[in-house]
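Let's take a walk through a protein together. Have a look at the picture first, and then we'll go through it piece by piece.

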Amino acid sequence: MKKLLILNSKGGCGKTTIATNLAGYYASSGTHTALIDQDPQGSSRRWLELRPERFSDIHGVFAGKPTQAGVTRAFAMRVPGETQRIVIDTPASMKRLDMMDLLRSASAVIVPLLPSAIDRHVTLDFLKELTTLCRQMGLDIPMGIVANRVRLNTRSFKHLKEILEHVEIPLVAYLRDTQGYVHAAEEGCSIVELKDPAMKKEMMQWSALIYWLETGKIPPHVQQREPAPVKLQA
Ligand SMILES: Nc1ncnc2c1ncn2[C@@H]1O[C@H](COP(=O)(O)OP(=O)(O)OP(=O)(O)O)[C@@H](O)[C@H]1O
Ligand SMILES: [Mg+2]
């Protein structure tokens, strides 16, 4: 069972979009998937409530509310025994102690990042904080950046890639700014499940992200090549 944590203290950078799309990707490829919503705003929970029955089942856990007295966080976050992938959506500005708690059992961390200067600065500070925290905790968790709402061939994306060459956390996928994500969110499905031929380039990026999560290797998409499909393991 792998726990995939979507983290960034910056609001609105795409944590819920990535969490729900990742859960939808895994579920649609036959993997037993759980989606844990740690955000009191409950956006991932609402997405799951919208999810039509024709799509593969995702086990939902809403852990955004304070736990009752005598209930541990681990108990509040329990998932069915057959679960293979747990995707965890987190709130902006999460408390340090809560973040430490989630990091302890994480198999990988995905940090969404918007290309604008404001977001870049805040996220680069967050990455420093995160790597320092993991070092202090003695954790060596694979971490990857997903650039989100990217417009290819823009100066801000070019600049972002240049900056990321000097950051120790790799860029593992870039998601375009597209209405496909807005439609998928309204339908309670992932962009992969929309099966829209216009989203072919986007599928490559999801394959790239899965490739990194499953193999730990930087996806070949960085060289603009389509990554080989990977077999999902329990
Ligand atoms: N790649 C994308 N293309 C188009 N719209 C996007 C994309 N990614 C996110 N959005 C939109 O941007 C908004 C913010 O995204 P999202 O809710 O995923 O961010 P968040 O980090 O979860 O925010 P919060 O910190 O408030 O929880 C949403 O309206 C979402 O539909
Ligand atoms: Mg969110």
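How many nonpolar, polar and charged residues does the shell around ligand 1 have? Keep in mind that you're looking at a predicted model. In that model, the shell splits into seven nonpolar, eight polar and four charged residues. Altogether, 19 residues sit around ligand 1, and the ones that come nearest are Gly-11, Lys-15, Thr-16, Thr-17 and Ala-92. Where do the shell residues come from? Helix α1, strand β6 (143–150) and helix α7 (179–187) each chip in with at least two of them.

Now let's stick with α1, which covers residues 15–28. Its axis comes within 10 Å of the axis of helix α2 (residues 43–50), and the two cross at roughly 40 degrees. An angle from 65 to 115 degrees would count as roughly perpendicular and one under 35 as roughly parallel, so α1 and α2 are called oblique to each other. Their crossing is right-handed. To find the spot where they touch, look for Thr-16, Ala-19 and Thr-20 on the α1 side, which meet Ser-43, Ser-44 and Trp-47 on the α2 side. Sort the residues of this contact by class and you get two nonpolar, four polar and no charged ones. Thr-16 turns up here, and you've already met Thr-16 among the residues that come nearest to ligand 1.

Time to zoom out. The protein chain has nine helices and seven strands. Its C-alpha atoms fill a box of roughly 50 × 45 × 30 Å along the principal axes. A compact globule with 234 residues would have a radius of gyration near 17 Å, and the chain's value of 17 Å agrees with that.

Conventions
Residues numbered from 1 in each chain as written. Chains lettered and ligands numbered in written order. Predicted model: local features only at pLDDT ≥ 70, side-chain atom pairs only at ≥ 80, totals over all residues. Axes fitted to C-alpha atoms, helices over the stretch in contact; angles between N-to-C directions. Helix = DSSP H or I, 4+ residues; strand = E, 2+ residues; numbered from the N terminus. Parallel < 35°, antiparallel > 145°, perpendicular 65-115°, else oblique. Left-handed = near helix turned anticlockwise from the far one by under 90°. Contact = placed C-beta atoms within 7 Å. Nonpolar A, V, L, I, M, F, W, Y, C, P; charged D, E, K, R; others polar. Near = placed C-beta within 6 Å. Rg over C-alpha atoms; globule rule 2.2 N^0.38 Å.
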